[in-house]
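Here is a short report on one protein model. It covers the core, a pocket, the salt bridges and some backbone details.

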Amino acid sequence: VYFRACEQVSGDFYDFIPLPGGSIGIVMGDISGHGVDAGIVMGMAKKAFSLRAQTGADPVTVAAQVNADIHPELETATFITAIYGVLDPREHIFRFVRCGHTFPVLFHGSTGAVEDVASDGVVLGSLRDPMFTNKIQLKQIALAPGDCVAFFTDGITEAMTEDAEEFGPDLTKETIARHGPTSARGV
């Protein structure tokens with residue numbers, strides 16, 4: 001994990017949540033905006049994911065519950081993108097939902113190839129149920145030895161290169177392919 005806020009207080013967040021049976025809940029999110037207001041919403045969203053995930057419910061249920069928890073609290077211009085998933089280390093499977101967040105990227109250890117793991121998803125706080133649940137899609141990734149799933153916020157894809165160009169999704173995938181499952185800090 002590598003995390004650096006663009007200001008003193010950030011709206012980006014991540015968490016690893018121990019779950020019943022040895023699985024691990026993984027969440028990454030990004031609140032619209034910056035500063036203290038985004039930081040407050042970030043704290044609320046992170047805690048909602050932590051509490052809802054600990055029930056051991058599937059990712060769709062957890063995301064729908066978090067959406068129901070935070071929807072009434074958000075101003076109309078505020079939204080949250082997130083990915084929430086459950087890693088089962090015994091089965092080597094990662095099941096997740098994407099709530100308007102950047103697609104995760106799968107690095108294949110056997111070939112070095114990378115690919116977006118595309119799925120349907122709508123941002124948290126934008127719709128009430130059942131419309132919200134109908135707009136998110138459960139995805140499953142079977143992980144082989146050496147595979148790695150990379151999550152990141154738009155802080156990566158919107159970062160500027162040394163040539164003053166946006167890093168973008170293609171350069172992000174190229175960097176993941178070049179470095180593989182090394183330390184995020186080292187990339």
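Helices (H or I, at least four residues) and strands (E, at least two) are DSSP runs, numbered from the N terminus. The model is predicted, so local features need pLDDT of at least 70 and side-chain atom pairs count only at pLDDT 80 or more, while totals for chains, interfaces and linings use all residues. Residues are numbered from 1 along each chain as its sequence is written, and side-chain values use heavy atoms, with hydrogens and water left out.

**Core**

Phe-49 is found in helix α1. Its relative accessible area is 0%, so Phe-49 is buried. Here buried means under 20% relative accessible area, exposed means over 50%, and partly exposed lies in between (1.4 Å probe, protein chains only).

A nonpolar core is a set of buried Ala, Val, Leu, Ile, Met, Phe, Trp, Tyr and Cys residues joined through side-chain atoms within 4.5 Å. The largest one holds 30 residues, and Phe-49, Ile-80 and Tyr-84 touch the most other members. At least two residues of this core come from each of β1 (12-18), β2 (24-31), α1, α2, β3 (80-88) and β4 (93-99). Helix α1 gives the largest share, seven residues. Another core, of eight residues, lies apart from it; among them are Ile-83, Leu-106, Ile-141 and Val-149.

Contact means heavy atoms within 4.5 Å. Not counting residues up to four places away in sequence, Phe-49 touches Phe-13, Ile-17, Val-27, Val-62, Val-66, Ala-82, Tyr-84 and Leu-124. With neighbours within four places in sequence left aside, the contacts of Tyr-84 include Ile-17, Val-27, Phe-49, Val-62, Arg-95 and Phe-96. Phe-49 and Thr-102 are 53 residues apart in sequence, and their C-alpha atoms are 18 Å apart in space.

**A loop phenylalanine**

Phe-103 sits in the loop between β4 and β5 (105-107). With a relative accessible area of 29%, Phe-103 is partly exposed. Val-117 is 14 residues from Phe-103 in sequence, yet the C-alpha to C-alpha separation is 5.9 Å. Leaving aside neighbours within four places in sequence, Phe-103 is in contact with Arg-98, Asp-116, Val-117, Ala-118, Ser-119 and Phe-152.

**Salt bridges**

How many salt bridges does a search of the whole structure find? The search finds four. A salt bridge is a side-chain nitrogen of Lys or Arg within 4 Å of a carboxyl oxygen of Asp or Glu. The table gives the N to O separation for pairs among them.

| Acid | Base | N to O |
|---|---|---|
| Asp-69 | Arg-52 | 2.8 Å |
| Asp-88 | Arg-90 | 3.7 Å |
| Glu-174 | Arg-178 | 3.8 Å |

Asp-69 and Arg-52 meet in a salt bridge. This pair links distant parts of the chain: Asp-69 is in helix α2 (residues 59-70), Arg-52 is in helix α1 (residues 35-53), and they are 17 residues apart. Asp-69 is partly exposed at 31% relative accessible area, and Arg-52 is partly exposed at 28%.

Asp-88 counts as buried at 10% relative accessibility. Its partner Arg-90 counts as exposed, at 57%.

Glu-174 and Arg-178 both lie in helix α5 (residues 168-179), four residues apart, about one turn of the helix. Glu-174 is partly exposed at 46%, and Arg-178 is exposed at 53%.

**Second largest pocket**

A pocket is found on a 1 Å grid over the protein atoms alone: it is an open set of points where a 1.4 Å probe fits, with protein on both sides within 12 Å along at least five of seven lines, and lining residues have an atom within 4 Å of a point. Grid points are joined across faces, edges and corners, and a volume is the space filled by probe spheres set on the points.

The second largest pocket has about 160 Å³ of space. Its lining includes Ser-32, His-34, Asp-37, Ile-40, Glu-73 and Thr-78. The lining residues divide into four nonpolar, four polar and three charged. Ala, Val, Leu, Ile, Met, Phe, Trp, Tyr, Cys and Pro count as nonpolar, Asp, Glu, Lys and Arg as charged, and the others, Gly among them, as polar.

**Backbone details**

The peptide bond from Asp-129 to Pro-130 is cis, with omega near 5°. Pro-130 is in the loop between β6 (114-116) and α3 (131-134).

His-92 is not a glycine, yet its phi is positive, about 60°. His-92 lies in the loop between β3 and β4. Ala-164 also has a positive phi, about 65°, although it is not a glycine. Ala-164 lies in the loop between α4 (154-157) and α5.
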